[in-house]
Amino acid sequence: PGFTDPAAWHAWFERPLMPGIHEAPELKQLPPMQRRRVSGLGRYALSAAYEVQADAPDDAPLVFASRYGELSRSVELLEQLARGEALSPMSFSLSVHNAIGALSSIARGDTADYTAVAAGEETLEAAFTEACGLLADGHRAVLVVSYDEPVPEVWREVSDEGGRSFPRALGFRVIRREDGPGFSLESRHAAPAADAGLHGDAGPRLPADLEVLRFLRSSEPVLERAIGNRRWRWVRHA
């Protein structure tokens, strides 16, 4: 929220402070009845999805990627369950990981493929791997929408994001590189690193999706991320 062009992102990555509070997008593309069902996180995600869909082929599949998804809804349901209260079927249906993609598909009458992925700190890499597979199947373009927000208070002690997280959604249009600049993504097994995460960067560590975005918007040749016993390597090709 508040970062709507490359210049704003460049400036923020130079000094990545917590952004101010912004209201979630109004999301006028959705009919009012369906709009009321969408959470603040869903509004961010769908706003990004609609932007990248605007200049993409109609049949471009979507990959919705979120580390935590609608965790706030799930926590609310669990608390209601603990109090012995009846659970709302609608709240449950909107808490599942593919709910945001489903709402978008239904509202738009969109018959393009969509999927939802979650892979912890590797979620964005998993989404781009899925996108590459869809390109290999013959799609001309694949749309990746990455979205997350701070975890609920009850989860803060076990979250590794600390105070670095804020509500956000990122939209990517992924196409096959024919000629000209592009990127590749590799994964290999490696011994667990003592300090897993971004290597070779002296600045403050960001949530995983923003680390990747910072690299994609920079001129750096390589980004390596060590997570557990896996090493991800993003490479820029001139």
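These are my notebook entries on the pockets, cavities and two helix packings of a predicted model.

**Entry 1: largest pocket**

I started with the largest pocket and looked up its volume, which comes to about 1,400 Å³. I then listed the lining and found 41 residues. Those nearest the centre of the pocket are Val-52, Gly-171, Phe-172, Arg-173 and Leu-213. I next asked which elements give two or more residues to this lining. They are the helices α1 (6-14), α3 (40-53), α7 (123-136) and α8 (208-216), together with the strands β4 (168-174), β5 (182-189) and β8 (230-237). I noted that β4 gives the most, with 7 residues. Sorting the lining of the largest pocket by class gave me 24 nonpolar, 10 charged and 7 polar residues.

**Entry 2: α1 against α8**

Both α1 and α8 are on the list for the pocket lining, and I looked at how they pack. Their axes come within 11 Å and cross at roughly 115°. Angles of 65 to 115 degrees count as roughly perpendicular, and α1 and α8 are therefore roughly perpendicular to each other. I recorded the crossing of α1 past α8 as left-handed. On the α1 side the contact has Trp-9, Trp-12 and Phe-13, and these meet Leu-210, Leu-213 and Arg-214 of α8. By class I counted 5 nonpolar residues, 1 charged and no polar in this contact. Leu-213 turns up twice in my notes: in this contact and among the residues nearest the centre of the largest pocket.

**Entry 3: largest cavity**

I searched the whole structure for cavities of 30 Å³ or more and got 4. The largest cavity holds about 100 Å³ of space. Its lining has 13 residues, and I noted Arg-67, Thr-123, Asp-148, Ala-208 and Asp-209 as the ones nearest the centre. The elements that supply two or more lining residues here are α7, β3 (142-148) and α8. By class, the lining of the largest cavity has 6 charged, 4 polar and 3 nonpolar residues. I also noted that α7 and α8 are on this list and on the one for the largest pocket.

**Entry 4: second largest cavity**

For the second largest cavity I wrote down a volume of about 50 Å³. I asked which residues line it. They are Leu-62, Phe-64, Gly-101, Ser-104, Ser-105, Asp-110, Ala-112 and Tyr-114. β1 (62-65) and α6 (99-108) each supply at least two of the lining residues, and α6 gives the most, with 3. I divided this lining into 4 nonpolar, 3 polar and 1 charged.

**Entry 5: α3 against α6**

I followed α6 from the second largest cavity to its packing with α3. The two helices pack at an angle of about 55°, with their axes 10 Å apart. That angle falls outside the ranges for roughly parallel, antiparallel and perpendicular, and α3 and α6 are therefore oblique to each other. I recorded this crossing as right-handed. From α3 the contact takes Gly-42, Ala-45, Leu-46, Tyr-50 and Gln-53, and from α6 it takes Ile-100, Ser-104 and Arg-108. The contact of α3 with α6 divides into 4 nonpolar, 3 polar and 1 charged. Ser-104 is a member of this contact and also lines the second largest cavity. At the other end of the trail, α3 is one of the elements that line the largest pocket.

Notes. Residues are numbered from 1 along each chain as its sequence is written. This is a predicted model: local features need pLDDT of at least 70, side-chain atom pairs count only at pLDDT 80 or more; totals for chains, interfaces and linings use all residues. Side-chain values use heavy atoms; hydrogens and water are left out. On a 1 Å grid over the protein atoms alone, a cavity is a set of points where a 1.4 Å probe fits but cannot get out, and a pocket is an open set with protein on both sides within 12 Å along at least five of seven lines; lining residues have an atom within 4 Å of a point. Grid points are joined across faces, edges and corners, and a volume is the space filled by probe spheres set on the points. Helices (H or I, at least four residues) and strands (E, at least two) are DSSP runs, numbered from the N terminus. Ala, Val, Leu, Ile, Met, Phe, Trp, Tyr, Cys and Pro count as nonpolar, Asp, Glu, Lys and Arg as charged, and the others, Gly among them, as polar. Axes are lines fitted to C-alpha atoms, for helices over the stretch in contact, and angles run from 0 to 180 degrees between N-to-C directions. Angles under 35 degrees count as roughly parallel, over 145 as roughly antiparallel, 65 to 115 as roughly perpendicular and the rest as oblique. A crossing is left-handed if the near helix is turned anticlockwise from the far one by less than a right angle, and right-handed if clockwise. Contact means heavy atoms within 4.5 Å.
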